[in-house]
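Biologist: I'd like to learn how to read a model like this one. Can we go through it together, feature by feature?

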Number of protein chains: 2
Amino acid sequence: MTIDFKQDILAPVASDFATMDKFINEGITSKVALVMAVSKHVVEAGGKRMRPVMCLLAAKACGADDLEKHRKLAAIIEMLHTATLVHDDVVDESGLRRGRPTANATWNNQTAVLVGDFLISRAFDLLVDLNDMVLLKDFSTGTCEIAEGEVLQLQSQHQPDTTEQTYLNIIHGKTSRLFELATEGAAILSGTPQYREPLRKFAGHFGNAFQIIDDILDYTSDAETLGKNIGDDLMEGKPTLPLISALKNTTGEEHEIIRRSIATGGTADLERVIAIVQSSGALDYCSLRATEETDAALNALNALPDSEYRQALINLANLALHRIQ
Amino acid sequence: MTIDFKQDILAPVASDFATMDKFINEGITSKVALVMAVSKHVVEAGGKRMRPVMCLLAAKACGADDLEKHRKLAAIIEMLHTATLVHDDVVDESGLRRGRPTANATWNNQTAVLVGDFLISRAFDLLVDLNDMVLLKDFSTGTCEIAEGEVLQLQSQHQPDTTEQTYLNIIHGKTSRLFELATEGAAILSGTPQYREPLRKFAGHFGNAFQIIDDILDYTSDAETLGKNIGDDLMEGKPTLPLISALKNTTGEEHEIIRRSIATGGTADLERVIAIVQSSGALDYCSLRATEETDAALNALNALPDSEYRQALINLANLALHRIQ
């Protein structure tokens with residue numbers, strides 16, 4: 001079965017999604033022209049807005065009727081996500097994201113750093129307006145963990161001894177935590193605290209699967225499907241799961257090539273590294289792990305009543321997994 | 001009369017200040033070693049901790065007895081201040097701050113951006129723990145304005161047509177707003193909302209004076225007294241008040257030299273620019289404006305009852321002004 005994002009995932013919340021999108025644009029309003037221009041540029045460069053969609057679906061799956069607050073929360077989450085992308089692009093010195101010039105490339109690093117700061121602050125400002133202390137605490141703690149995950153990733157760059165556990169800590173912070181906030185936040189605002197834990201588990205495992213798949217694609221995809229070049233992670237000496245697994249599965253020269261590639265970065269050995277990652281069974285292991293994480297995500301959803309919204313969340317998890325199938 | 005920071009300003013809140021300092025160190029605790037190392041480095045590089053001192057003095061001046069919450073707030077403010085410095089140093093590509101290597105110089109831009117993000121998030125996380133919605137709203141709005149001030153400054157770089165009003169908007173955002181948060185926050189936590197407005201005015205005008213003085217010193221000081229080099233602002237083409245005022249007071253060749261220096265940046269004409277800033281009366285005007293702002297700050301304090309704490313705030317404003325006397 002082919003899953004269609006618009007039809008099988010977005011449709012049940014399409015009208016709330018459209019209203020949410022307007023709210024993002026209101027949120028980035030500023031008296032400072034440069035703040036507006038950059039914010040508009042980066043927000044418009046957004047992709048499928050998966051996090052807001054997940055938030056709205058989770059709200060409906062909790063039985064929420066009026067999504068007014070959830071729409072605001074979904075917009076806030078997308079703003080936080082955009083802010084981290086803007087800073088990530090500075091950190092990674094990226095010139096393109098999803099085929100469009102990044103903020104640091106269009107303007108400069110300075111502008112990107114400061115507008116990223118503005119987006120974080122504005123997201124918190126809008127969050128405070130939702131007037132929910134439990135929600136606020138979840139988000140303030142969560143954003144700390146996101147930043148820590150990003151720094152842990154930086155700390156692990158060029159470190160061939162990075163363990164799978166450290167890798168999981170990194171991707172939980174940099175990717176899964178925000179998905180968790182999107183669904184946990186929906187449960188909190190819906191007044192259904194009993195669904196907070198299962199939705200957090202769903203989103204956490206979904207995020208892990210999503211990131212593992214992204215890291216697989218960095219060794220198997222091309223620019224067209226992913227919007228980034230094959231070998232980007234290797235270039236930066238990032239010890240992602242394909243390399244960690246390849247190190248486990250190899251000895252001798254092959255092992256040394258992977259170690260050295262992580263330690264030095266660069267793509268001089270890219271073709272050999274790709275060959276080793278494939279022949280060593282590392283990609284098979286990564287696919288298995290992504291499938292396990294997806295299964296765990298779907299499992300967690302059993303705690304929620306059956307509905308078209310829960311089904312859309314299931315479809316989303318399966319669609320993500322289809323990227324490597 | 002010579003004002004001594006320790007004796008005449010810090011002394012009345014010295015013990016609360018010491019406890020506050022410990023709280024900053026607890027606040028920057030993280031499981032990620034690199035987060036800890038960088039946070040410790042930048043927090044220890046702190047100067048007089050003027051903002052926390054002001055917060056504690058304002059609390060006592062409001063009649064607060066137990067400063068437990070205020071100490072936490074003071075620490076949060078210093079963390080926010082540190083975060084903006086860390087990002088500023090990335091933006092300005094600074095290698096030294098107060099004679100110590102910056103985070104971007106010691107580690108790299110990437111680390112500085114992400115640890116700055118962590119400090120902002122942690123500051124908000126600790127702020128949420130204070131469990132006061134009015135305080136939270138003040139801070140979430142305030143940090144947006146701070147970021148906007150920073151971007152406005154960037155937008156005005158190399159713009160010789162920048163007006164004095166735009167300059168005031170810039171320094172209100174980048175400097176005065178955090179001073180305002182420090183004192184307003186103290187009034188909110190003290191349960192004395194009637195002092196919020198006068199304390200905000202005090203801190204706002206104090207901040208303006210403080211920044212104008214800083215901008216004067218960039219054309220009159222030397223590295224030893226300021227910890228930065230003369231001509232730093234000119235180097236970056238920043239249209240600060242000394243240059244805006246010099247443009248108003250000059251015509252012909254002198255006027256053109258200043259315009260060109262702002263437009264191009266660099267210090268090729270530094271000596272001539274300094275001579276023009278001095279001979280045109282621009283520095284006199286800046287000193288007058290700093291004095292007026294200080295007077296307005298002191299005036300606002302009249303709304304508070306006389307106390308040794310209010311006196312210490314008066315001393316602080318006078319000490320800042322003494323830097324150019």
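Biologist: Let's start with the two chains: how many residues of chain B are in contact with chain A?

Modeller: Some ground rules before that. This is a predicted model, so local features need pLDDT of at least 70 and side-chain atom pairs count only at pLDDT 80 or more, while totals for chains, interfaces and linings use all residues. Residues are numbered from 1 along each chain as its sequence is written, chains are lettered from A and ligands numbered from 1 in the order in which they are written, and side-chain values use heavy atoms, with hydrogens and water left out. Now, contact means heavy atoms within 4.5 Å. Here 41 residues of chain B touch 41 residues of chain A.

Biologist: And how much area is buried between chain B and chain A?

Modeller: Buried area is the accessible area (1.4 Å probe) that two parts lose on being put together, summed over both. For this pair it is about 3700 Å², and carbon and sulfur atoms give 72% of that. On the chain B side, Leu114(B), Met133(B) and Glu148(B) supply 17% of what chain B buries against chain A, more than any other three residues.

Biologist: How many salt bridges are there between chain B and chain A?

Modeller: The rule is a side-chain nitrogen of Lys or Arg within 4 Å of a carboxyl oxygen of Asp or Glu. That gives four between chain B and chain A, and 52 over all chains. Lys137(B) and Asp125(A) form a salt bridge at 2.8 Å, N to O.

Biologist: What about a pair inside a helix, say Lys40(B) and Glu44(B)?

Modeller: Helices are DSSP runs (H or I, at least four residues), numbered from the N terminus. Both residues sit in helix H3 (residues 33–44) of chain B, four residues apart, about one turn of the helix. Their side chains meet in a salt bridge at 2.9 Å, N to O. For accessibility, buried means under 20% relative accessible area, exposed over 50%, and partly exposed in between (1.4 Å probe, protein chains only). Lys40(B) is partly exposed at 41%, and Glu44(B) is partly exposed at 44%.

Biologist: Is Glu78(B) buried or exposed?

Modeller: Glu78(B) is buried, at 2%. Its salt-bridge partner is Arg49(B), at 2.9 Å, N to O. Glu78(B) lies in helix H5 (residues 68–91) of chain B and Arg49(B) in the loop between H3 and helix H4 (50–61), so the pair ties together parts 29 residues apart in sequence. Arg49(B) counts as buried too, at 10%.

Biologist: Now the empty space: how many cavities of 30 Å³ or more turn up?

Modeller: On a 1 Å grid over the protein atoms alone, a cavity is a set of points where a 1.4 Å probe fits but cannot get out, and lining residues have an atom within 4 Å of a point. Grid points are joined across faces, edges and corners, and the volume is the space filled by probe spheres set on them. The search finds six, and the largest holds about 190 Å³.

Biologist: Which residues lie nearest the centre of the largest cavity?

Modeller: Of the 14 lining residues, those are Asp117(A), Thr84(B), Ile120(B), Thr143(B) and Ile146(B). Two or more lining residues each come from helix H7 (109–129) of chain A, and from H5 and helix H8 (133–156) of chain B. H5(B) gives the largest share, five residues.

Key:
1 Å grid on protein atoms, 1.4 Å probe; cavity = no way out; pocket = protein on both sides within 12 Å on 5 of 7 lines; lining within 4 Å.
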